[in-house]
Amino acid sequence: MRRDVVAGLSATPKILPPKWFYDARGSDLFEQITELAEYYPTRVEERILARIAPEIAGATGAATVFEPGSGSSRKTRLLLDALTARGTLRCYAPLDVSPSALEQAGAALIRDYPALTVAATVADFEADLTVPHDAPSPRLITFLGSTIGNLDPTERREFYDMLRADLGPADAFLLGADLVKDRDVLVRAYDDSQGVTAEFNKNVLHVINRELGADFDPDSFAHVALWNEEEERMEMHLRSRYAQTVKVRALDLSVDFAADELMRTEISCKFRRDGLTAELSDCGLDVRNWWTDEAEQFAVLLAVPSR
Ligand code: SAH
Ligand code: AVI
């Protein structure tokens with residue numbers, strides 16, 4: 001966090017990586033977002049997974065499900081249920097940067113799946129994507145919710161490379177990805193009428209205040225959600241309402257914001273089938289199945305290591 005905050009607040013334009021949204025409050029706020037009428041991705045992906053989970057269980061016969069960015073693991077239960085019904089599942093290994101998300105999800109999973117080994121890891125999936133070495137094969141790596149969209153193309157390539165290096169020939173990768181769609185639908189999903197997404201966005205300032213002794217006044221920043229047509233991605237920014245100086249005590253840093261200056265806090269890339277298939281293929285991952293909802297809002301794909 002220190003490295004990211006020094007680099008991000010010294011850059012032009014200023015940037016903070018989205019991974020720092022997720023303290024206990026940030027994880028709670030994200031769960032509230034998933035319940036909003038405007039935020040379609042969770043609901044749509046859940047409906048797709050409910051439909052295809054038995055097919056995925058049949059195709060993979062997974063003994064382990066390893067899930068970076070697992071959050072509440074709520075949708076993953078559809079896969080755990082299908083694999084349990086098939087009799088192959090032995091281990092679920094969630095990995096998340098948020099200890100509170102893992103504690104809550106883990107406690108509930110242990111209660112609801114008494115025969116399952118639940119092996120949770122607090123880690124940054126951009127730094128360490130190693131499947132626990134004693135997790136039985138075959139392994140299914142799930143990356144749901146379009147969290148892949150929060151990475152830029154270079155970060156995605158690094159992610160796929162790390163993943164590919166750890167995949168055995170019988171393992172598979174299940175990816176949930178949000179698709180390019182009408183701009184207004186997208187903007188509404190990231191700027192909801194109740195202001196939950198605005199609170200989620202500003203939470204990164206609360207986190208930096210607490211962890212690094214900064215004096216951000218979250219009320220002096222406004223939530224901005226915009227569609228970047230060229231990059232085909234949603235972006236969240238915080239706009240400084242007026243000129244101000246923020247101090248970050250633990251970093252001995254003093255940062256000037258101009259009036260109306262934007263600081264980018266998240267990208268959320270939206271995908272097309274061709275582009276996503278090609279970038280996976282470039283990293284040695286062949287897309288075997290591609291499922292969507294009827295309106296083609298969201299896609300779930302199953303990829304395997306190419307020979
Ligand atoms: N997979 C869940 C949660 C998505 S929210 C779903 O589909 O609903 C994104 C999740 O990824 C959060 O739980 C967040 O804490 C986690 N996360 C974000 N960046 C991360 C990183 N760099 N390393 C590990 N976890 C990360
Ligand atoms: C976790 N991630 C995929 C979410 C997204 O849609 O990019 C985070 C989020 N940001 C604003 N609303 C939800």
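1. A residue is near a molecule if one of its heavy atoms lies within 4 Å of it. Keep that cut-off in mind when reading about the two ligands. This is a predicted model, so please read every distance below as a computed value.

2. Start with ligand 2. Around ligand 2 there are 14 residues. Those that come nearest are Tyr39, Asn150, Tyr190, Glu266 and Ser268. Find these five in the structure before going on.

3. Which atoms of ligand 2 do the side chains of asparagine 150 and glutamate 266 approach? In both cases the partner is a nitrogen atom of ligand 2. For asparagine 150, an N or O atom of the side chain is 2.9 Å away from a ligand nitrogen. For glutamate 266, a polar side-chain atom lies 2.7 Å from a ligand nitrogen. Tyrosine 190 has an oxygen atom of ligand 2 as its partner: a polar atom of the tyrosine side chain lies 2.6 Å from that oxygen.

4. How much of ligand 2 does the protein cover? On its own, ligand 2 has 340 Å² of accessible area, and the protein covers 96% of it. Three elements give two or more residues to the shell: helix 2 (24–34), helix 8 (196–212) and strand 11 (262–269). By class, the shell around ligand 2 holds 7 nonpolar residues, 6 polar and 1 charged.

5. Now turn to ligand 1. It is surrounded by 16 residues. The closest are Gly69, Lys75, Asp96, Asp124 and Phe125. The class count for this shell is 6 nonpolar, 6 polar and 4 charged.

6. What are the polar contacts of ligand 1 with lysine 75, aspartate 96 and glycine 145? In the lysine 75 contact, a side-chain N or O atom is 2.6 Å from an oxygen atom of ligand 1. For the aspartate 96 side chain, the distance from a ligand oxygen is 2.5 Å. Glycine 145 takes part through its backbone: a polar backbone atom is 3.5 Å from an oxygen atom of ligand 1. The protein covers 94% of the 570 Å² of accessible area that ligand 1 has on its own.

7. Last, a helix pair. Two packed helices are described by the angle between their axes and the distance between the axes. Look at helix 6 (residues 153–166) and helix 9 (residues 273–282). Their axes come within 9 Å and cross at roughly 50 degrees. Angles from 65 to 115 degrees count as roughly perpendicular, and those under 35 as roughly parallel. Helix 6 and helix 9 are therefore oblique to each other. Their crossing is right-handed.

Key
Residues are numbered from 1 along each chain as its sequence is written. Chains are lettered from A and ligands numbered from 1 in the order in which they are written. This is a predicted model: local features need pLDDT of at least 70, side-chain atom pairs count only at pLDDT 80 or more; totals for chains, interfaces and linings use all residues. Side-chain values use heavy atoms; hydrogens and water are left out. A polar contact is a pair of N or O atoms within 3.5 Å; within protein, one must be able to donate a hydrogen and the other to accept it, and residues adjacent in sequence count only if both atoms are side-chain atoms. Accessible areas come from the Shrake-Rupley method with a 1.4 Å probe; for residues, only the protein chains shown count as cover. Helices (H or I, at least four residues) and strands (E, at least two) are DSSP runs, numbered from the N terminus. Ala, Val, Leu, Ile, Met, Phe, Trp, Tyr, Cys and Pro count as nonpolar, Asp, Glu, Lys and Arg as charged, and the others, Gly among them, as polar. Axes are lines fitted to C-alpha atoms, for helices over the stretch in contact, and angles run from 0 to 180 degrees between N-to-C directions. Angles under 35 degrees count as roughly parallel, over 145 as roughly antiparallel, 65 to 115 as roughly perpendicular and the rest as oblique. A crossing is left-handed if the near helix is turned anticlockwise from the far one by less than a right angle, and right-handed if clockwise.
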